[in-house]
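Here are some worked exercises to try with the model open on your screen. Have a go at each task before you read the solution.

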Amino acid sequence: MTESPEALRDQALLNVGATSKFAPLPLGEAADMGQAADGTPLFDPQIFDSSEFARNPYPYYRLLRDHHPVYHDKLHNAYYVTRFADITECYFDDAGFNTIPKGSSSGVLGNTQLELSGVEHRRRRNLYGQHLVGKSLTHRVPSIKRLAREMIDNWSIESAPGSDGRTTIELGAAFANEFPIRVVCEVLGFPPEARGDFYYWYNSMMSGLGGSATHKQGVEARQHLEDYVGQLVAERRVTPTWLHDDDGNPISKDIITKLCETKVDGDYLSTEEITSNIALVVGGGGETTRGAIMHLWYLLLTHPEQFAALKNDDSLWDQAFHETLRHSTPIGGQPRHNTHDLSLHGVDIPAGSLINMVDFSANHDERIFSEPEAFNIFRDDLYSGKILRSGYAKEGRCSHMAFGVGPHLCPGAWISQQEAVEGSKALLAAMPDVALDLDKMQRDSISGEPRDIGISSIRELWLTFADGS
Amino acid sequence: MARKPADQPLPSNGVAITRRSTQNSAYRTYEVHQRERVGQSTEKIKPIALIRDDQLVSPFDNLAILREHYPCYRDWLGNAYWLTRFEDVTSVFADRANFRVPTRAENCGLTQASDTSASIPAHTVWANLIDNALPNIISDALKNLRSSDKPDVTIDYTLYITTELQRLALDIPEQQRDWFSTTLWHIQRADSWQVEVAERGTAAIEELIAQLSNVNPSSAGVSNTATDKLPITYSLRTACPAATPEDLLATVLGFEARTLHGGLANLCQALLADDNARSTARSNNQGFKIACLETLRHAPPVPTVHCYARHEVERFGRLLPEGALIRLSALAANRDPQQFDCPNEFLANRSDICHREARGQFRADGLATGLSLGMGLPSKHPAEPEDRPRSLYALTRDAIVRSATALFDEFEDITLQADHDSRPRSLAMFEAHIAWSLPVKLRN
Ligand code: HEM
């Protein structure tokens, strides 16, 4: 200890008010955040709030995985768990790691199964989970295809083809933003005429999840949705409605009807509970699947040799879907709340702490996936078979963490795969010679390259194709 | 994953959570209550705004939003609740049955040490230092300031005084003054959320503990005998012979010299920055005392303390879950317009602040006091008790008043260097809010 307090004071004062502590770095490089006496790199929790982290998170997660697999962030009063194996273990231990309210999301979505554990969770999850899997889902596939075709057939291309005869579209606006909502609306049993309102509620609720100025709109939209669902519920409690396949045969009652008929602990669900379930299914199934479709296309178009292989072999779509979710995971991770004191990697975590399980990081854990930053639909360490709640880890292959694993595994996983794969097949059929319109793509602020390791960041994907091709 | 056996000491948040059944986890009702309805959303402020760099100097506007609109603000980004109204902050701070306030030593990682600062022998040492050793220390500090080529009141005067008091309490030899001063600087920041700063703090704690294990109190030669025959000691080790080196350090941290240092620096800043305030303070014999009380209200050096809910407890229309982190903002509470008129102004002769030492929930004579939460709850004893020294708060206040009076008596024309932004600021979020730099001209 040699510096005088005066020198230390001056040094500390230099940092006060420094507006941007973390200058943007080339993608893949992490800022130097200091070293412990033994040389271990230190981690500054303010990075989590920086724009540098938002655009370039992976090298920071690598730092955590390698040096602080359990990181105690005292600024945000939270712990971070970043290795695949640890996260898997925590997700399976539903009693030891409760789910917790998602920041301000429960204000908008309401109280949902996402925030319940154990038997409470199982009872509610099964209410509609069954409609999104297995035979119900198989029956739904034709209408997923129909919905995709309907959207593509109705494309109203605003600008005429350019002099090269090619047309430009933005995939989000033209397809990916709405398609997953349409599918979910249908499965829920929302009347098609309510779609317009529904998009408005959905968009407001989604943007309201952040707890900011838009939060109020989110809460208001949620209230409107609840008022509307109130009428539907009153009708369907008396007159159940059914889902039909494309030949008009009934498949099963729609989810709203099922929710109206269901009792939990001897009581029918209240309108509020039903609304919360609807909000969760829509909230869970919209933005995520949108992101998956956008990233899938972006990654394929920036890896032309893999795209070419896929064009020749339809069966590769499932692999491409899973590798996209691993590489560009739509949801960063899940918070959990430990119900007992525990010690993990030498860090004591008192019961009741907030622990962030970082799915982004798990999916880039080099202990599981080699060269994790590379997009490779042929990688032999990723399992791309039928999605299993128990996850898959055999013979050097592992399922990814984008849907979570264990009791809370995303119940929409199977249907979202159908949406992305069937939707993409329909898109490819409409634009066989599709290419990226690089001039219009958002670029990384530093490298100037189109963004490549995406976090749910691809808001716009500009494509060109020869009309009528 | 290792679960901790039930008989282990309390975890760092001090909350022993009832184990839930592993089979059927309970339904956690607080989530149901916490669903915000239309009209309850907190759109006027984003949680990130509370921890941005600009808050280090001037957090008052944002805190006013919380105080006015969201008195129990759920900060989802920081995983905490913020309390900002005077009545709310004091009621939670005083409610030790439902909320646990960790000691400063614990926050600095000294979890196994006992802070004996409230015991009569240790408390007496601190009182001896302030009543008997302080005059000499002040006169050395004045010399220090005069001889400095770049005189700075915070570094050469206030920091010097508080460091000396602690040096004597710990029997650190005079030759090690510089080393001790630097070590103490790091230790004071050992509770930082900044990993690098905290690491240095922890290393400094280890260094000091190693040093304390070697020092022999008599050789340090700071035991003293006063003329009235009662033995007076400045040495904690002499007064508390059973204390370990860790206990000694925890006890010194418990004396809260941060508030003394910061309170004195902030008072000097207020008086240096405003000639009227200075002449008001100098105009009568209570002047510096009232200006000191006003400083501790207007610019409390400990801006926030945190506590944990011991169990699920309903407060302010919310169910606070067990283990919840609650930030009690003294900066906000001390500017609560329900308690103080023109709360953002520094009034050296403020009349709506209690001039006597506060009791209970920080009031006396029906008036509120500025919260100095680092010093704990108001004393339950009379202002001049017979069986013990006066309270830590009174000792700190007196030390600030004496030191400030001496400075402004000695240098009547002292002025701040022109164009210097001397406002109190935190070096990092949640750290002490102090006028760290007060470069002065001693004579015009
Ligand atoms: C690519 C698309 C999707 C991704 C990446 C995704 C991801 C996730 C993740 C990570 C979870 C949290 C699991 C946990 O807490 O451990 C989750 C939960 C959930 N997802 Fe999805 N999801 C997708 C599509 C869907 C769809 C299409 C639906 C509905 C039709 C849906 C409905 C839900 C629901 C209801 C939950 C709560 C499950 C529970 O807590 O038990 N998701 N999803």
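A helix here is a DSSP run of H or I with at least four residues, and helices are numbered from the N terminus. Keep in mind that this is a predicted model.

**Exercise 1. A helix in chain B**

Find helix H11 of chain B and work out how many of its residues are buried.

*Solution.* Start with the span: H11(B) covers residues 245-254. Next, apply the cut-off, since a residue counts as buried when its relative accessible area is under 20%. Nine of the 10 residues pass, so the helix is mostly covered. On the buried list are Pro245(B), Asp247(B), Leu248(B), Leu249(B), Ala250(B), Thr251(B), Val252(B), Leu253(B) and Gly254(B). Finally, look just past the helix: Glu256(B) follows H11(B) and has a positive phi, near 60 degrees.

**Exercise 2. The iron site**

Which protein atom is the donor to the iron of the ligand, and how far away is that donor?

*Solution.* Go to the iron and look for protein donors around it. You'll find a single one, the SG atom of Cys410(A), 2.2 Å away. Then place Cys410(A) in the chain: it sits in a loop of chain A, after strand S14 (397-398) and before helix H18 (413-430).

**Exercise 3. Counting disulfides**

How many disulfides are there over all chains? Explain the result for Cys72(B) and Cys108(B).

*Solution.* First, the cut-off: two cysteine sulfur atoms must lie within 2.5 Å to count. Take Cys72(B): its closest cysteine sulfur belongs to Cys307(B), and at 11 Å that is too far for a bond. Now Cys108(B): the closest cysteine sulfur is again in Cys307(B), 18 Å away and also too far. Both cysteines count as buried, Cys72(B) at 8% relative accessibility and Cys108(B) at 5%. Over all chains, the tally is zero disulfides.

**Exercise 4. Walking across a sheet in chain B**

Trace the open sheet that holds strand S7 of chain B, and pick out the edge strands.

*Solution.* Read the order off the model: S2-S3-S10-S7-S4 (chain B), five strands with mixed pairing. The edges are strand S2 (72-75) and strand S4 (99-100) of chain B, and each of them pairs on one side only.

Now zoom in on S7(B), residues 304-309. On one side, S7(B) pairs with S4(B) in the antiparallel sense over two bridges. Phe99(B) has Ala309(B) as its bridge partner, while Arg100(B) has Tyr308(B). S7(B) also runs antiparallel to strand S10 (residues 325-329) of chain B, with five bridges between them. One of the pairs to look for is His306(B) with Arg327(B). Last step: five of the six residues of S7(B) are buried, so this strand is largely enclosed by the rest of the structure.

**Exercise 5. The nonpolar cores**

Which residues of the largest nonpolar core touch the most other members?

*Solution.* The largest core has 107 residues, and the ones to name are Tyr157(B), Leu328(B) and Leu407(B). Helix H5 (residues 120-147) of chain B supplies the largest share, with 13 residues. Don't stop there: a second, separate core of 87 residues includes Leu127(A), Ile169(A), Val434(A) and Leu461(A).

Now go back to Leu328(B) and list its contacts, skipping neighbours within four places in sequence. You should get Leu83(B), Val89(B), Val92(B), Phe93(B), Pro303(B), Thr304(B), Val305(B), Cys307(B) and Leu373(B).

**Exercise 6. A sheet in chain A**

Find the three-strand open sheet of chain A that contains S16, and say which strands stand at its edges.

*Solution.* The order is S4-S16-S15 (chain A), with antiparallel pairing. Strand S4 (166-170) and strand S15 (435-436) of chain A are at the edges; each has a single partner strand, so one side of each lacks a neighbour in the sheet. Check the pairing of S4(A) with strand S16 (residues 462-466) of chain A: five bridges join them. Within S16(A), Leu463(A) stands opposite Ile169(A).

**Exercise 7. One loop residue**

Is Asp314(A) buried, partly exposed or exposed?

*Solution.* Locate Asp314(A) in the loop of chain A between helix H15 (304-312) and helix H16 (317-327). The relative accessible area is 48%, so Asp314(A) is partly exposed. To finish, measure across to Val421(A): the two are 107 residues apart along the chain, with 9.7 Å between their C-alpha atoms.

Notes:
Residues numbered from 1 in each chain as written. Chains lettered and ligands numbered in written order. Predicted model: local features only at pLDDT ≥ 70, side-chain atom pairs only at ≥ 80, totals over all residues. Heavy atoms only, no water. Donors = N, O, S within 2.8 Å, 3.2 Å for Na, K, Ca; no water. Buried < 20%, exposed > 50% of the residue type's maximum accessible area, 1.4 Å probe, protein only. Core = buried A, V, L, I, M, F, W, Y, C linked by side-chain atoms within 4.5 Å. Contact = heavy atoms within 4.5 Å. Pairing = 2+ DSSP bridges.
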